[in-house]
Amino acid sequence: MAATAGAIRRQGRAMLAAAPWSLAAFTLTLPFALMSANLYPYAGWPLLALSLISLIALARVTFAWHRVIGLQDPADVAAARGGPAEARHLALLGALVIALAALVRGTGNLPFMVYMVTGGADDYLFWSALAAALLLVWLPVLYALAVYGLALPRAAVTGEYGFRGLRAAMPYPSWPLMLALFLLAALAGYAGYALRTQIYEYPEVGMAQGVLAALLCVPLMFVVNTMHAVAYRDSAPGRA
């Protein structure tokens, strides 16, 4: 956490300045992307197009952030635009985003499944079983993302994923990253739910709540990507 705070203090402005237009595009299209993920496969083409724009903008932003931290040279970001490193970074990030969106959507069905399995038992049994099911699903996923997510900054810096050895090279405890990733997934899931309800005209969930939750995902995304970039920079492959 101290290393991440130090990196944000020293290089935060350079990170934000590395891809400002892409960051603006990502921020503006993120609510639509979260809504689309919750409506798939019933989302229309305009929502899907905005989701694609959001994903590309996110890839450009995180690519720049990872290079600023990994190389500690903001001037080098523009030189790598459009190269194989950015293409590999985009491919991996896209696969992760799609997989996580599917998992978040699938997790939304867990309460109903647990209710059916427990046979409508009392609240204590239901909530205990639901918590256990969520932990069983998400703990391995969060751990894998915390450790092997270092492949994203590595791809941005070197153009290679290098999955082998990333677990052993992780220089910091994984739980802070796991916690940050959990908060990001929970906030994005809530934002998608709140925005989706507007399609079905459920007035009890406000549009403002969904938009606010989506916008709060942006600073959380900044922190998570900084943590990944710092962990890679301070790992053995990052120092090589």
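Modeller: Contact here means heavy atoms within 4.5 Å, while helices (H or I, at least four residues) and strands (E, at least two) are DSSP runs numbered from the N terminus. This is a predicted model, in which local features need pLDDT of at least 70 and side-chain atom pairs count only at pLDDT 80 or more, whereas totals for chains, interfaces and linings use all residues. Residues are numbered from 1 along each chain as its sequence is written, and side-chain values use heavy atoms, with hydrogens and water left out.

Colleague: How many helices and strands are there in the protein chain?

Modeller: By that DSSP rule, the protein chain has 11 helices and 0 strands, and its pattern along the sequence reads α-α-α-α-α-α-α-α-α-α-α. Of the contacts with a separation of 6 or more, 72% are between residues 24 or more positions apart.

Colleague: What supplies the area that the protein chain exposes?

Modeller: The protein chain exposes about 12,600 Å², and carbon and sulfur atoms supply 70% of that area. Such areas come from the Shrake-Rupley method with a 1.4 Å probe, and for residues only the protein chains shown count as cover.

Colleague: Why does Ala-7 count as buried?

Modeller: Buried means under 20% relative accessible area, exposed means over 50%, and partly exposed covers what lies in between (1.4 Å probe, protein chains only). Ala-7, which lies in helix α1, has 0% relative accessibility and therefore counts as buried. Leaving aside residues up to four places away in sequence, Ala-7 touches Gly-12, Ile-69, Thr-226, Val-230 and Arg-233. Its C-alpha atom is separated by 9.4 Å from that of Ala-229, although the two residues are 222 apart along the chain.

Colleague: What makes Gly-94 buried, and what makes Thr-29 count as buried?

Modeller: Gly-94, found in helix α4, has a relative accessible area of 9%, and Thr-29, found in helix α2 (residues 20–39), has 8% relative accessibility. Both values are under the 20% limit, so both residues are called buried. Thr-29 touches Leu-50, Ile-53 and Ser-54 when residues up to four places away in sequence are not counted, while Gly-94 and Leu-52, 42 residues apart in sequence, are 9.6 Å apart from C-alpha to C-alpha. For the protein chain of 240 residues, the buried share is 43%.

Colleague: Why are α1 and α3 called oblique to each other?

Modeller: Two packed helices are described by the angle between their axes and the distance between the axes. Axes are lines fitted to C-alpha atoms, for helices over the stretch in contact, and the angles between N-to-C directions run from 0 to 180 degrees. Angles under 35 degrees count as roughly parallel, over 145 as roughly antiparallel, 65 to 115 as roughly perpendicular, and the rest as oblique. The axes of helix α1 (residues 2–18) and helix α3 (residues 45–71) come within 9 Å and cross at roughly 140°, a value outside the named ranges, and α1 and α3 are therefore oblique to each other. The residues that meet are Ala-7, Gln-11, Ala-14, Met-15, Leu-16 and Ala-18 in α1 and Ala-64, Trp-65, Val-68 and Ile-69 in α3. By class this contact has 9 nonpolar, 1 polar and no charged residues, where Ala, Val, Leu, Ile, Met, Phe, Trp, Tyr, Cys and Pro count as nonpolar, Asp, Glu, Lys and Arg as charged, and the others, Gly among them, as polar.

Colleague: What makes α7 roughly perpendicular to α10, and what makes α3 roughly perpendicular to α7?

Modeller: The axes of α7 and α10 come within 8 Å and cross at roughly 65°, which is the lower limit of the 65 to 115 range, so α7 is roughly perpendicular to α10. Here Pro-153, Arg-154, Val-157 and Thr-158 in α7 meet His-228, Ala-229 and Tyr-232 in α10, and the residues of this contact divide into 4 nonpolar, 2 polar and 1 charged. For α3 and α7 the angle is about 80°, with the axes 8 Å apart, which makes α3 roughly perpendicular to α7. In this second contact, Phe-63, His-66, Arg-67, Gly-70 and Leu-71 in α3 meet Leu-152, Pro-153, Ala-156 and Val-157 in α7, with 6 nonpolar, 2 polar and 1 charged residues.

Colleague: Which residues are buried in helix α7?

Modeller: In helix α7 (residues 151–158), Ala-151, Leu-152, Pro-153, Ala-155 and Ala-156 are buried, and the buried residues pack against α3, α4 (84–107), α6 (123–148), α8 (166–169) and α10 (207–233). Helix α7 is followed by Gly-159, whose phi is positive, near 85°.
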